[in-house]
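Please open the model in your viewer with a cartoon representation, and keep a second representation ready for side chains. The stops below follow one another as a series of selections, each with a short account of what is to be found there.

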Amino acid sequence: MALVLSLVVAVFVGLISPAAAADDRGLSEDLVLTLNASDLGVDPAGLRDIVPEMQADIREHRGLGNALKQALADSNVNTTVNTSEWPNFQGTVDVTSDGAGLAITVPKGEITTAGFWTGVAASLIGYAAGYGLRVLCIAGLTSTGVGAATIPLVCTPLQGAVTGIVTAIVNHGFAGDLGSRESIRDIIIGGLIGMSIGALWEKYFSPWAKTHVARAFKDVGTWIRSRVPWVDSWLGRGAADGADHLGQELEELENLLNEAMRDWGGLRTPVRVMPLGDSITYGIGDPDGNGYRDHLATSLNRRSVTVDFVGSQTSGSMADRENNGYPGWTIDQIAGPAGRDVPTMRPDVVTLMAGTNDMIHNVDPGNAINRLQRLIDGVLAANPDGFVVVATLTPCTDAAVQARMDSYNAQVREQVGARVARGDRIVLVEMAGVSTQGWPDFVHPNDAAYQQMAAVFSNGVADGIKRGLLPGVTVTGSAEETGGTVAPGSGSGGTAGPVSGGLATINTGDYTLNDVARWLGTGVHALGGLAPAADIRLMDFDGDGDDDYGILGPAGELNVWRNDGGDTNGGKGWVNLGKVALGNLTDPANVRFLDFDGDGDDDYGILGPAGELNVWRNDGGDVAGGHGWTNLGKVAKGGLSTRDNIRFMDADGDGDDDYVILGPNGEMDLWRNDGGDVAGGNGWRDMGRDAKGAGPRGAIRFMDLDGDGDDDYIVLGTQGALLAWRNNGGDRAGGGGWASLGLIAAGTGDGSQVRFMDADLDGDDDYVTLDANGRMRLWANRVIDTGPGVESGGTGQNQGLGGTGLALIDTSKYTLNDISRWFGTGVHAQGAAAAASVRLMDFDGDGDEDYAILGSAGQLDIWRNDGGDSNGGNGWTNLGRVAAGTGDGSKVRFMDFDGDGDDDYVVLGSAGQMDVWRNDGGDIPGGHGWTSLGRVAAGTGDGSKVTFLDFDKDGKDDYGVLGSAGELDVWRNDGGDISGGHGWTSLGRVAAGAGDGSQVRFMDIDGDGDDDYIILGTQGAMLAWRNDGGDTNGGNGWKSLGLVAAGTGDGSKVRFMDVDKDGDDDYVTLEPTSGQMRLWVNRIAH
């Protein structure tokens, strides 16, 4: 057998100095790499058969560049090639003109002088070699009688490994850092070990590899040496010497490789284990989320069995997080991913516990054993070389559920046990002895119980290995202690909550409710009673921006009630438009409403069984003044998936709905609507995988959560809870991905009732429920559109408010005001001193406040706010010591005395007397220091009660005296008691008080120029009253805004400052010891 790769034109262009090579010689021809069947000693049909697959690989990745990148990523070999620099250049693979091989071509116009082409060239060689050895593998295994279903499970992983191995050694060779012959051997051996084909290694791969692999790599070396003259002519003597050295080392490596392969036992790959089941498999109840899996890996490792977990799910904090645990799923639901993944992932062992949710929800429990048997049959048929460890259910503490579990477990013992007895590839294990003590709920184990489960599964895996079910794999040590005597008659697992409609079980206890969550419950919004909820459709019939209430009849006929504001929140009810579409076209189950043409109203679609879509354009419908429906015919050909997997949503915010195929785990493939397959349309553009998936298909919803025009990704829980990912452009090319918002709604009790619609014409979708009779309840969406709000706390100078204690605000007594908009940006300043020394003041008069440290003698150091350390800012500039101080820092305050925009330096006496130094730029280069204005106010008797605020929005801070009950007296700043000033005008009692004066703060919450009245709670919650002129002659009092922030945990940390120059004050917290600042930007409606 000989492996020879021949280059028609310079594949090695750029391996050493691409810029020089291209500049000196240019590329007058395409770059072509050929691989001939004669070079491999195989039938030419073998190579010809592989070409269509290579072509499909390039098409799938939309270019040869991306195909190479993915091939290297899949190889699990550290090639040292930096693919992040590559563009997705084009290229083709074709059968050679004589039909005897394949040719990989990169057009000359794609090649540039960039240095990354060195790695590209190495990768092209690896890519071709990988496919070449795959053909060799297929021919070899076929000749020994290995079944057609098994061959790809060995030869395809070999292709990936060889791609990475050859790329790595070529890249090292031309970099001149190959190392010793032994190090080359180790790269090859390490790459082969990384194939992760489990038990197939010993049974199929090892015998073939012992007689073929070493010779194959020798032939690669011979081929490289044959190309030395060509390398010399293109890249010079240094590169040619590197090529010659690499080839010689590979030729002489054959003996070392053969020695390494005499005992493949030392090269055995880990045993591939697929944990299969529900939420207990996933790890719910374990604080780390690992469940039994990490303990199982540890246990088997002690017994000389290395584990590689496989599955489509990931959960927990462990390094190997893959599993197939699906919270809330029944046996039949679990069978779906099992049927998909077992044939491709080829687990050696499946640890299976399923049926808990069937028992919890009383889903035909008498036939659950039959469903389990079908699941086991499917797993064994998909991977006849593996085995299944079947567990009875762990216990639960609900008597009624446990009774059903007892009956089910008895059937499992009897029927599955009979299969074990007759020699099926099954091991039966008992979970009845698992203790329920200390569980977090009635069905989910805690960590101690998961350890017991791991011991049981470990013993089961070991039993299977001892029975010879994994040839070549051995197990050592004694059985694990399972935590007590196993007794029949009990067992359970899973998660609570209904699974109707395929909704997800969202354990809200695992999340902190995101502060973006703002839902204004308005009560019954439509009385219903006209049709069952199953017939209700919420769609924008008239294109006015809000969704209307439609009832779809048995023949697809549509009656609509126009939304004129609905029955709550000041609305004008619903107007019956009657029958707006005659129907008689289809089963109503096939009807979809979507805005196909982007004109704002929803069109009438019929979705066929293969995803084909026919649309009738909404031209006003069959109502007075309407122009009916225009038949556009078949606007999408379908054929990509079945009807149940198709969704329509506006992914790109252009107003029309796009075509989406949802995978079983919520993964999302997108075809952008470019006008569809109609006259004048530009079809549908394949955008590829736009979201990786975050929940079961049946739980995925799309809604415009933030009112930005594109639809966001939602996972709906059985109780109506919502997990959300904001659409920032998706995972398609050029997109910005999805921003996880976490838990944004805790739910209303029954997720099957939840719908989304824009009820109030504000552009975002609201949360509604429909009961069985179609009665609608509304929670208006007031979710922030930019990120999480206030959720963590702040310190603060007391601002002279008289007192230091805060009181708890009982937030349960309030509905969070819909104006609440706080955008959390994280750490905004790293901190420079204890929070007690920090002051926030506008030193430079640029509209944002700076970070100041006030010393004990009144000395002042400033870090200028240049945007801060979050939200795209440019950090803080240290201006150093800007004021030398006046002797006693405890008396120093800052306020804008003269209305010029920067804060001045104030010394406040015990009787409230004020001395001011005007800020003329401070003691810094370019500044003009501080001008002493002397005594500007004589005081009112008690300096501890004095506070400063801009009461009348004239830009100058006024003098306030705050009483113990929060009452406020103000003296308006008319220039103060200085030469040219007009003193202070008493405005009297401007606020009667709303609570303990020690809780009162003043900040401009709405950006209108005057300061508003705030009560700050111990947890950082805020009650606000807007300053509408106060209780003065001509004033309009204070407007209660209610609860505007739920708090961040510790009110003593909270401060207010204008961080971003937008005129309103933002919410920040300062850590007590470090002064580290966290920011929540104020986005409150003015």
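Begin at I1015, whose bridge partner in β47 is L1023. Bear in mind from the outset that the coordinates belong to a predicted model.

**The surroundings of β46**

Extend the selection from I1015 to the whole of strand β46, residues 1012-1016, and to strand β47, residues 1022-1030: β46 and β47 run antiparallel and are joined by four bridges. Five residues lie between the strands of this hairpin, and among them G1020 takes a positive phi near 90°. Now add strand β45, residues 1000-1003, which is antiparallel to β46 and is likewise connected to β46 by four bridges. Here R1001 is the residue that stands opposite I1014 of β46.

Is β46 enclosed or open to the outside? Because five of its five residues are buried, β46 is largely enclosed by the rest of the structure. Showing the side chains lets you follow this on both faces, since D1012, I1014 and L1016 are buried on one side, while Y1013 and I1015 are buried on the other.

Before leaving, select D1006, which sits in the loop between β45 and β46. D1006 counts as buried because its relative accessibility is 4%, below the 20% limit applied here. Add G1063 to the selection and draw a distance between the two C-alpha atoms: D1006 and G1063 are 57 residues apart along the chain, yet these atoms are separated by 8.1 Å.

**A four-stranded sheet**

Next, select strands β37 to β40, which form an open sheet of four strands in the order β37-β38-β39-β40, with antiparallel pairing. The edges are occupied by β37 (892-895) and β40 (929-937), each of which pairs on one side only. If you look across the sheet, neighbouring strands are turned against each other by 30° on average, with direction ignored. Then narrow the view to β39, residues 914-922, and its antiparallel partner β40, between which there are seven bridges; in one of these pairings V916 has G934 in β40 as its bridge partner.

**A loop aspartate**

Move on to D764, which is found in the loop that leads from β29 (754-757) to β30 (766-770). With a relative accessibility of 8%, D764 counts as buried. Which residues does D764 touch, once those up to four places away in sequence are set aside? Select D704, L705, D706, G707, D758 and N781 to display them around D764.

**A pair of packed helices**

Turn now to helix α16 (residues 368-382) and helix α17 (residues 399-421), which pack at an angle of about 35° with their axes 10 Å apart. The crossing of α16 over α17 is right-handed. To show the contact itself, select A368, I369, L372, Q373, I376, D377 and L380 on α16, together with Y408, Q411, V412, Q415, V416 and R419 on α17. A further selection, C396, is a buried residue because its relative accessibility is 8%.

**The disulfide**

The structure holds one disulfide, which you will find by selecting C137 and C155, where the sulfur atoms are 2.1 Å apart. The link is left-handed, with -75° about the S-S bond. C137 belongs to helix α5 (residues 117-143) and C155 to helix α6 (residues 151-175), so the pair ties together parts that lie 18 residues apart in sequence. Both cysteines, C137 and C155, are buried.

**An exposed residue**

For a contrast in accessibility, select N255 in helix α11, residues 254-261. N255 is exposed, with a relative accessible area of 56%. Its C-alpha atom and that of K218 are 9.8 Å apart, with their positions 37 residues apart along the chain.

**The whole chain**

Finally, zoom out until the full model is in view. The chain has 18 helices and 51 strands, and buried residues make up 56% of its 1086 residues. Of the contacts with a sequence separation of 6 or more, 61% are between residues 24 or more positions apart. If you switch to a surface representation, the accessible surface comes to about 40100 Å², and carbon and sulfur atoms account for 47% of that area.

Definitions and conventions:
Residues numbered from 1 in each chain as written. Predicted model: local features only at pLDDT ≥ 70, side-chain atom pairs only at ≥ 80, totals over all residues. Heavy atoms only, no water. Helix = DSSP H or I, 4+ residues; strand = E, 2+ residues; numbered from the N terminus. Buried < 20%, exposed > 50% of the residue type's maximum accessible area, 1.4 Å probe, protein only. Contact = heavy atoms within 4.5 Å. Areas by Shrake-Rupley, 256 points an atom, 1.4 Å probe, with all protein chains shown as cover. Disulfide = S-S within 2.5 Å. Pairing = 2+ DSSP bridges. Axes fitted to C-alpha atoms, helices over the stretch in contact; angles between N-to-C directions. Left-handed = near helix turned anticlockwise from the far one by under 90°.
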